[in-house]
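Q: Got a minute to go through this one with me? I have the sequence and the structure open.
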Amino acid sequence: FVVINFFLIFVFLMMSILEITNYIVNYKLSLTACLMYMFYYLPFSMQFIIPMSVMMSILLTFLRMSSDNEVIALKASGISIYQMIPPVLIFCLCGCLITGWMAIYAVPWGWSSKQRLMEDVIASSFEIGLKERTFIESFDGRMIYVNQIDSNTAKLVDVFVEDRTNPNLVSTIVAPEGRLLSEPNSLLFKLQLMNGIINQVSIK
């Protein structure tokens with residue numbers, strides 16, 4: 001059970017290891033923050049890993065007992081196959097209780113802790129929240145596209161912004177260069193664009 005748990009945890013973490021490696025290499029994200037990110041991600045994955053580990057460990061145990069003729073030896077010593085069911089049921093019940101605790105308490109804690117961690121990371125280096133050559137629509141009424149991000153100077157190259165906050169007016173901004181200015185004690189950021197062009201189209 002323990003071996004299967006470690007193997008499945010490794011498989012689940014491999015799903016996010018490429019993104020974490022990109023943060024470390026390109027954005028100089030600290031190793032401590034990456035380890036904390038993976039730790040907060042564990043409760044979410046454990047609610048799937050534990051049931052699978054319980055099922056696979058029971059299956060492999062009985063397959064091993066059958067291949068080693070241990071089941072025949074137990075029957076020959078007067079132990080019925082039905083006497084092996086209570087330990088299996090108790091083991092399944094323990095796995096069910098742990099999984100329920102993970103889903104009810106650990107998963108919300110992990111998600112909230114991970115969100116606070118990412119807010120702190122983004123506050124210190126907001127360009128981590130941006131992705132090159134990707135249309136980002138997570139800002140209310142605004143879409144941002146950045147062709148290239150210089151992680152050393154925090155300079156944005158070839159920036160495209162579409163602003164639809166005004167229901168009667170669509171503003172499109174294209175700039176060859178830009179910078180993100182942040183206030184260290186808050187999650188407020190300013191996008192400074194240089195030598196850009198603003199096009200406004202009235203919907204009405």
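Q: How far apart are the end C-alpha atoms of helix H2?
A: This is a predicted model, and in it they are only 45 Å apart. H2 covers residues 31-67, 37 residues in total, and a straight helix would reach 54 Å at 1.5 Å a residue.

Q: Ok, where is the kink in H2 centred?
A: On serine 45, with an angle of about 45°.

Q: And what follows H2?
A: Asparagine 69 does, and its phi is positive, near 60°.

Q: Back to the kink for a sec. What does phenylalanine 44 touch, leaving aside its neighbours within four places in sequence?
A: Val107 and Trp111. Phenylalanine 44 is in H2, and its C-alpha atom is 8.1 Å from that of tryptophan 111, although the two are 67 residues apart along the chain.

Q: Is phenylalanine 44 buried or partly exposed?
A: Partly exposed, because its relative accessible area is 26% and the buried class stops at under 20%.

Q: What about glutamine 47, buried or exposed?
A: Buried, with a relative accessible area of 18%. That residue lies in H2 too.

Q: Which residues does glutamine 47 touch, not counting those up to four places away in sequence?
A: Thr99, Ala103 and Val107. Val107 is also in contact with phenylalanine 44.

Q: Switching to cysteines. How many disulfides does the structure hold?
A: 0.

Q: Why no bond for cysteine 94?
A: Because the closest cysteine sulfur, in cysteine 92, is 9.3 Å from the sulfur of cysteine 94, which is too far for a bond. The cut-off for a disulfide is within 2.5 Å.

Q: Is cysteine 94 buried or partly exposed?
A: Partly exposed, at 39% relative accessibility.

Q: And cysteine 34, buried or exposed?
A: Buried, since its relative accessibility is 3%.

Q: Last topic, confidence. What pLDDT does the protein chain average?
A: It averages 83, and 88% of the residues score at least 70.

Q: Which elements have the lowest and the highest mean pLDDT?
A: Strand E1, residues 135-139, has the lowest at 74, while H2 has the highest at 89.

Q: Why should I care about low values?
A: Where pLDDT is low, the predicted coordinates shouldn't be read in detail.

Terms used:
Residues are numbered from 1 along each chain as its sequence is written. This is a predicted model: local features need pLDDT of at least 70, side-chain atom pairs count only at pLDDT 80 or more; totals for chains, interfaces and linings use all residues. Side-chain values use heavy atoms; hydrogens and water are left out. Helices (H or I, at least four residues) and strands (E, at least two) are DSSP runs, numbered from the N terminus. The expected span of a helix is 1.5 Å times one less than its number of residues. The bend at a residue is the angle between axes fitted to the seven residues ending there and the seven starting there. Buried means under 20% relative accessible area, exposed over 50%, partly exposed in between (1.4 Å probe, protein chains only). Contact means heavy atoms within 4.5 Å. pLDDT is the predictor's confidence in each residue, from 0 to 100.
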